[in-house]
Amino acid sequence: LESLCFFIETAMTREKEKKHLQNLSYVDSLTYAQNRNHFNEYLKKNRCKELHFVGVIYLDLNGLKKANDTLGHSAGDELICAAANCMKFAFASYGKIYRIGGDEFVVLIQESVSNIDSILQVFDATIHDWHGKYSNSISVSYGVVKSTEQSFDSIHSVSKLADERMYKSKSEYYNISDNDRRRSHNE
């Protein structure tokens, strides 16, 4: 009986460890948002299913390279974490936040909301009010797709459209700010 209890306890410990490692493989270690692996898993699982979301938001930090180059990588990390925290504040109760690249995020709004625009206003205000140790401000471009806009055939088509809108927003930001991110900072 004692060896059976030991066997069961060992098996339970291994299962807990396995679940813990799996959870770690889905979490970004810098921001504690869900990571690209988890997002890709979501896309794979929902490739052919009915779309279960209210909206998709693709987000990208503006000026991260400049912050890294002029203020150091600690400043860049601060901006990435700040953006993630602002997203959590505004979006976490409505859906999932994924860090899918260095300074790129996706938010899947899954809970019914009366108006995504009001959530975006909360996000914009949170970003606007943020001040950090290394930088006084943060700027984020984003593209939003609402599930009611049109009939989408897949989560991939929604994601693609949100990504395109984010890049358009980013391009507009750099045109208005007269700070072309593609130019070398040595010019």
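# A tour from F39 outward

Start by selecting F39, a residue that counts as buried at 4% relative accessibility. The model on your screen is a predicted one. Burial here means under 20% relative accessible area, so the value of 4% puts F39 in that class.

**Stop 1: the partner of F39.** Now add Y98 to the selection. Y98 is buried as well, with a relative accessibility of 1%. The program's ring rule gives 4 aromatic pairs. For F39 and Y98, the ring centres are 5.1 Å apart and the planes stand at 55°, so this pair is tilted. An angle over 60 degrees would be called edge-to-face and one under 30 degrees stacked, which is why 55° falls into the tilted class. Colour helix α2 (residues 36–45) and strand β3 (residues 95–99): F39 sits in the helix and Y98 in the strand, so the pair ties together parts that are 59 residues apart in sequence.

**Stop 2: the aromatic cluster.** Select F91, F123 and Y142, which form one aromatic cluster.

**Stop 3: two helices.** Keep α2 visible and show helix α6 (residues 155–177). Which angle do their axes make? The axes of α2 and α6 cross at roughly 135° and come within 9 Å. That angle makes α2 oblique to α6. To see the contact, select F39, Y42 and L43 on the α2 side, then I155, H156 and S159 on the α6 side. F39, the starting point of this tour, is one of the residues in this contact. Sorted by class, the contact of α2 with α6 has 4 nonpolar and 2 polar residues, and no charged ones.

**Stop 4: a loop residue.** Move to Y32, in the loop between α1 (2–25) and β1 (34–35). Is Y32 buried or exposed? Its relative accessible area is 60%, so Y32 counts as exposed. Its phi angle is near 65°, which is a positive value in a residue other than glycine.

**Stop 5: the whole chain.** Clear the selection and show the protein as a cartoon. How many helices and strands are there? The protein has 6 helices and 5 strands. Followed along the sequence, the order is α-β-α-β-α-α-β-β-α-β-α. Of the 187 residues in the protein, 39% are buried. Taking contacts between residues at least 6 apart in sequence, 67% join residues at least 24 apart. Finally, switch on the surface: the accessible area is about 11,600 Å², and carbon and sulfur atoms account for 50% of it.

Technical notes:
Residues are numbered from 1 along each chain as its sequence is written. This is a predicted model: local features need pLDDT of at least 70, side-chain atom pairs count only at pLDDT 80 or more; totals for chains, interfaces and linings use all residues. Side-chain values use heavy atoms; hydrogens and water are left out. Helices (H or I, at least four residues) and strands (E, at least two) are DSSP runs, numbered from the N terminus. Buried means under 20% relative accessible area, exposed over 50%, partly exposed in between (1.4 Å probe, protein chains only). Contact means heavy atoms within 4.5 Å. Accessible areas come from the Shrake-Rupley method with a 1.4 Å probe; for residues, only the protein chains shown count as cover. Rings of Phe, Tyr and Trp (its six-membered ring) pair if their centres lie within 6.5 Å; planes under 30 degrees apart count as stacked, over 60 as edge-to-face and the rest as tilted. Axes are lines fitted to C-alpha atoms, for helices over the stretch in contact, and angles run from 0 to 180 degrees between N-to-C directions. Angles under 35 degrees count as roughly parallel, over 145 as roughly antiparallel, 65 to 115 as roughly perpendicular and the rest as oblique. Ala, Val, Leu, Ile, Met, Phe, Trp, Tyr, Cys and Pro count as nonpolar, Asp, Glu, Lys and Arg as charged, and the others, Gly among them, as polar.
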